[in-house]
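Trainee: Please take a close look at one part of this structure, the enclosed space inside it, and then work outward from there to the ring contacts and the strands.

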Amino acid sequence: MDFLKDQAMLLVAAIAALLVVMLFMVLKKRKRGDSASSACSEALAVKEEILKMVPNPVVLLTGQYTLVYLNPAAEKLLDSPLRRNLGKPVNGLFQLFNTQTKLPVKDYLDLNHAGASVNQAKLIHCIVKYQQSINAWMNVTIQPIELHEDPMKSQYAIFLEDVTATRAVESQLNYMERHDSQTGLLNRKAFEAVLKASIDDAKKHGSSHVFMALSIDQFKTINDTVGYAAGDSLITKVVSVLKQTVAGEGDNIGGRLAGNDFGVLFKESTLFSAANKMKIIRDEIGAFQFNWNTRTFPVTLSGGFVVIKKDTSSAARVLTESDIACRTARNHGGNRVIAYRAESAEMRQEQSNMEGVWNLKKAFKNNSFELFAQPIHPLKESQFGKPFSHYELLIRMVGEDSKFVPPDEFIPVAEYYSMMPELDRWVVREAFSYIAQVEPTDNPPVFAINLSGQSLDEASFRDFVMDELKTSGADARMICFEITEAVAVNDLTLATRFISSLKAEGSSFSLDDFGTGVSSYGYLQSLDVDYLKIDGIFVKDLIRDGIARNIVESVTQVGHSMGLKIIAEYVEDDKIISLLRKMGVDYGQGYGICKPKPLEEMIVPHLAAKKKTAAAV
């Protein structure tokens, strides 16, 4: 719009300059003795010749809004010739209306009244009504040409620029910027602005509004079982029911906050009134069944609501608290709506989990993770004194206070919110970049990388690892993947496919936390692993717990009979080391051997000569 305004003003300035030159010529003629009438006639002729060349419609008016001239473009636009309108009021030809109030624009030739300086052009964005039934959005530029004490003798040039098409495009772009393309509801950004306005209204006038967050309980199940197209169709149908229910209910506003998360703002509403409306929405959705191909799914909603009052602090807080309440409702089986209560221990825990998610997202954005390494060391006395050459890689998250956040604080959050695949990808990429720096030898070091079940359940994860292996140039022989027994059993087909692909490249595998599953030995025969890592709960109580000793001995004997190496974790002191050594356990890992250290530090002895020197410096 600013560009169009600039162009219009440039055009006006150019024409005004020509008219000034023309008037100067007329004055010179009058000084030479030419009659005033002949000079004015000549001035009018020059004006008309100039305005005929202007491609935009131009209208000349007196200060009394009487028509003096129409250029050909104006005659064509208004579908009315000059001879029929000359000397008549311009209101019979066209009128200007305010775009907001839709009322007529009055006194638009009064430049002083409009705040403009004399001789200065004025631009009005308005609706122009002409030809009885045509209403067009126009930029109307008013330029004084001859100002006189007698308004009848003053003249103004009116330049008309139709911007209806441009306005329509701008309106469409504005709509697209504010609305979700799939549902037509307000998007999160626009909805937050509405919430902020409601909070401001509550602070200023003491009014009360109720905001409700809604989530489709069955969305993930339908997405996972019958595909994303079904999920999209479900959203469309649910939103259709939601719109019909909310429509006509005063100033209620609906928005799509995320994939299957929606919001409804009940403006100027009491809690009782909003609760009744919430019940109607739930009943309508509950009566609706989703059909996809030959399958039928029941559909229910979970919701959480927050009352917006004078002391409500921000839109972000409203969204957070309503989301916490909604998640709590879903955790209780769904198909219910509950209020956010700050004193609820369950909601405080849910809030803590969400804060953990935010911290994880920040960490991904800022790359605030670091890999540590803890040695997995041979327990035989003949090898125990040798340098470390086998490690487990451990991830740490750097908090906002620059202190490390232990894994047991953020890993459960990543697992609960299905963020483990992203975390595993970061670890694989980072680990491979370090391993690629290690100098190849006949007996290279081994670095064990933990993988989650969520990653192995993704068929694309194997391709990701293979691509990273090729791109990084890391030696596959130096890589051992640790998977837990529960992960391997969860999807045996995907697990065995992953194992066989990476073993073909030269990598090894370790089965972690072995011994806690009810069918450990049965599944062990189906998995082509190289190491068994005995669950630490048995190792840490080895000295005083006879049952734990029996389990460790049993696992060691079975593993050795299958040609596997046995690793004991949670090795905390020399007594445990001595006992494990007697049992024939091959490797130990724990603080009794070495605490975890940054991988950057631990890997130095294995780097190529040049890089080792640089690291030492």
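Mentor: The residues that line the largest cavity divide into five nonpolar and three charged, with no polar residue among them. This is a predicted model, and that applies to everything that follows. A search of the whole structure finds two cavities of 30 Å³ or more, and the largest cavity holds about 60 Å³ of space. Its lining consists of Leu456, Glu458, Ala459, Phe461, Arg462, Leu494, Arg497 and Phe498. Two helices stand out here, since α16 (459-472) and α18 (492-505) each supply at least two residues of that lining.

The lining also leads to the aromatic contacts. Phe461 and Phe498, both in the lining of the largest cavity, belong to a cluster in which ring pairs also link Phe464, Phe481 and Phe509. Phe464, another member of that cluster, has Arg425 lying over its face, at 5.0 Å from the ring centre. A comparable arrangement to examine elsewhere is Arg581, whose charged end sits over the ring of Phe384, 5.2 Å from its centre.

For ring against ring, the count comes to 15 aromatic pairs. One of them joins Tyr65 and Tyr108 edge-to-face, with 5.1 Å centre to centre and 80 degrees between the planes. This pair links distant parts of the chain, for Tyr65 is in the loop between β1 (58-62) and β2 (67-70), while Tyr108 is in the loop between β3 and β4, 43 residues apart. The two partners can also be described by their exposure: Tyr65 is partly exposed, with a relative accessible area of 21%, whereas Tyr108 counts as buried at 5% relative accessibility. A further edge-to-face pair is formed by Tyr531 and Tyr587, at 6.1 Å centre to centre and with 70 degrees between the planes. Tyr531 lies in strand β21 (residues 531-534) and Tyr587 in strand β23 (residues 587-589), so this pair ties together parts that are 56 residues apart in sequence. Both Tyr531 and Tyr587 are buried.

The backbone at Tyr65 deserves attention as well, because a residue other than glycine has a positive phi there, near 65 degrees. Gln131, which is not a glycine either, likewise has a positive phi, of about 50 degrees. Gln131 belongs to the hairpin of β4 and β5, which has three residues between the strands, and Gln131 is partly exposed, with a relative accessible area of 30%.

From that hairpin one can follow the strands themselves. Strand β4 (residues 122-130) is mostly covered, with seven of its nine residues buried. On one side, strand β3 (residues 94-98) pairs with β4 in the antiparallel sense over five bridges, and here Gln95 stands opposite Lys129. β4 also pairs in the antiparallel sense with strand β5 (residues 134-146), over nine bridges, and in that pairing Lys129 stands opposite Asn135. Lys129 thus has a partner in each pairing, facing Gln95 as well as Asn135.

Conventions. Residues are numbered from 1 along each chain as its sequence is written. This is a predicted model: local features need pLDDT of at least 70, side-chain atom pairs count only at pLDDT 80 or more; totals for chains, interfaces and linings use all residues. Side-chain values use heavy atoms; hydrogens and water are left out. Buried means under 20% relative accessible area, exposed over 50%, partly exposed in between (1.4 Å probe, protein chains only). Helices (H or I, at least four residues) and strands (E, at least two) are DSSP runs, numbered from the N terminus. Two strands pair if DSSP finds at least two bridges between them. Rings of Phe, Tyr and Trp (its six-membered ring) pair if their centres lie within 6.5 Å; planes under 30 degrees apart count as stacked, over 60 as edge-to-face and the rest as tilted. A charge sits over a ring if NZ of Lys or CZ of Arg is within 6 Å of the ring centre and within 35 degrees of the ring normal. On a 1 Å grid over the protein atoms alone, a cavity is a set of points where a 1.4 Å probe fits but cannot get out, and a pocket is an open set with protein on both sides within 12 Å along at least five of seven lines; lining residues have an atom within 4 Å of a point. Grid points are joined across faces, edges and corners, and a volume is the space filled by probe spheres set on the points. Ala, Val, Leu, Ile, Met, Phe, Trp, Tyr, Cys and Pro count as nonpolar, Asp, Glu, Lys and Arg as charged, and the others, Gly among them, as polar.
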